[in-house]
Amino acid sequence: MRLSTSQIFNSGTTGMQNLQYGLYKIQQQMSSGRRILSPADDPIGATQALQVTQSKGINEQFLKNIGEATSKLNLLDSTLSGVEQELQVILERAVQAGNASLSDEQRGMIAEELRQRMSSLISLGNTKDGTGLYIFAGFKSATQPFQVDPGATPPYSLASGTHVGYSGDGGVETLQVSGSRTIATSENGLGVFMQVRDAQGNPTGRSMFDSLQNMIDILDPASGIPFTTAAYEQALGDTNASVAHLSTVRASVGARLQSLDSMATTANDSDYLYKVRLSELQDLDYYDAASQLAQLQLQLEAAQLSFKQTSQLSLFNIL
């Protein structure tokens, strides 16, 4: 095989260019800390890294959703705690009002306190979140859910006319917190305040507000409604049912918060594993890169020296 001077020159130049590109590539890897600068560097590794990155991104979104769901449920639970505290005091005062030794005037004083408790309950039912939306209005979150109905007449019930009307709907907001699960992040006013169920799960036919207002009316001498044992026991039983009903609602919210806590732990563990796997696929081994850099530098220096000596070969040099 015959070699011309131009072939020797081109071959030497190409070899040095390849070595220079290798040095440039390692320098880029070391400056970025990444082993894979383009899919051509490692097609299989690049594909796996892309898949892991996508999975990591989805997991991060689930973590954000879990955080948002936890924040909403914490606000909901805090509000329900306030409702529960009001109901406990209302129940205590209602039991106290059943004392046969109390005068009409003393029962009237209890009725006045219960009237203030009613205002507090309605206010809690109209609680807003940090964005100004009502948390118990269902999907109609921009509409105030509870207002006193001045046209309703006692005794109050869902069938004959409720003391406090509900303007929301039965919607419940949800968030997807994992690949296979969505979780309710709210409770609507129908389920919490209006459609009260007793400890056995049977509907009472009266809202929390109806039960309380009926109790107020029979205790207040000015209402014109006489205090009777039957009416009092009915109102007291409805108040007990409201307390039991709210405990059930709070237990459901608490169970969801516990579930979110467990899912957050799992999602954080998964995020750590994704980071480790990405590091294995993408991160550069600096010791190995430094060794390759030194080797390429030596090869380039040798190639440059060899090219210099070869390019000077000529028969005229020895004539």
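**Exercise 1. Overall architecture**

What pattern does the chain follow when read along the sequence?

*Solution.* The model under study is predicted. Step one is to count the elements: the chain holds seven helices and four strands. Step two is to place them in order, which gives α-α-α-β-β-β-β-α-α-α-α. Step three turns to the chain as a whole: 39% of its 319 residues count as buried. Its accessible surface comes to about 17,900 Å², and carbon and sulfur atoms account for 53% of that area. Among contacts between residues at least 6 apart in sequence, 70% join residues at least 24 apart.

**Exercise 2. The strand pair**

Determine how β3 and β4 are arranged with respect to each other.

*Solution.* First, locate the strands: β3 covers residues 174-178, and β4 covers residues 181-184. Next, establish the sense of pairing, which is antiparallel over four bridges. One bridge can be named: T174 has A184 in β4 as its partner. Finally, consider the connection: two residues lie between β3 and β4, and the two strands form a hairpin.

**Exercise 3. The largest nonpolar core**

Identify the residues that touch the most other members of the largest nonpolar core, and state which element supplies the largest share of this core.

*Solution.* The core has 51 residues, of which F146, F209 and M215 touch the most other members. The elements that each supply at least two of its residues are α2, α3, β2, β3, α4, α5 and α6. The largest share, 13 residues, comes from α6. To see the surroundings of one such residue, take M215: apart from residues up to four places away in sequence, M215 touches A94, L114, Y232, A235, L236 and T239.

**Exercise 4. Two residues of helix α6**

Classify D238 and Y272 as buried or exposed, and describe the setting of each residue.

*Solution.* Begin with the location. Helix α6 spans residues 229-282 and contains Y272; D238 is also placed in helix α6. Then compare each accessibility with the cut-offs, under 20% for buried and over 50% for exposed. D238 counts as buried because its relative accessibility is 5%. Y272 counts as exposed because its relative accessibility is 57%.

The last step concerns the neighbours. Leaving aside residues within four places in sequence, D238 is in contact with T204, R206 and S211. Y272, together with L273 and V276, makes a nonpolar surface patch of about 310 Å².

How values were computed: Residues are numbered from 1 along each chain as its sequence is written. This is a predicted model: local features need pLDDT of at least 70, side-chain atom pairs count only at pLDDT 80 or more; totals for chains, interfaces and linings use all residues. Side-chain values use heavy atoms; hydrogens and water are left out. Patches are made of residues with over 30% relative accessible area and no salt bridge: like charges are joined within 9 Å, nonpolar side chains (Val, Leu, Ile, Met, Phe, Trp, Tyr) within 5 Å. Accessible areas come from the Shrake-Rupley method with a 1.4 Å probe; for residues, only the protein chains shown count as cover. A salt bridge is a side-chain nitrogen of Lys or Arg within 4 Å of a carboxyl oxygen of Asp or Glu. Buried means under 20% relative accessible area, exposed over 50%, partly exposed in between (1.4 Å probe, protein chains only). A nonpolar core is a set of buried Ala, Val, Leu, Ile, Met, Phe, Trp, Tyr and Cys residues joined through side-chain atoms within 4.5 Å. Contact means heavy atoms within 4.5 Å. Two strands pair if DSSP finds at least two bridges between them.
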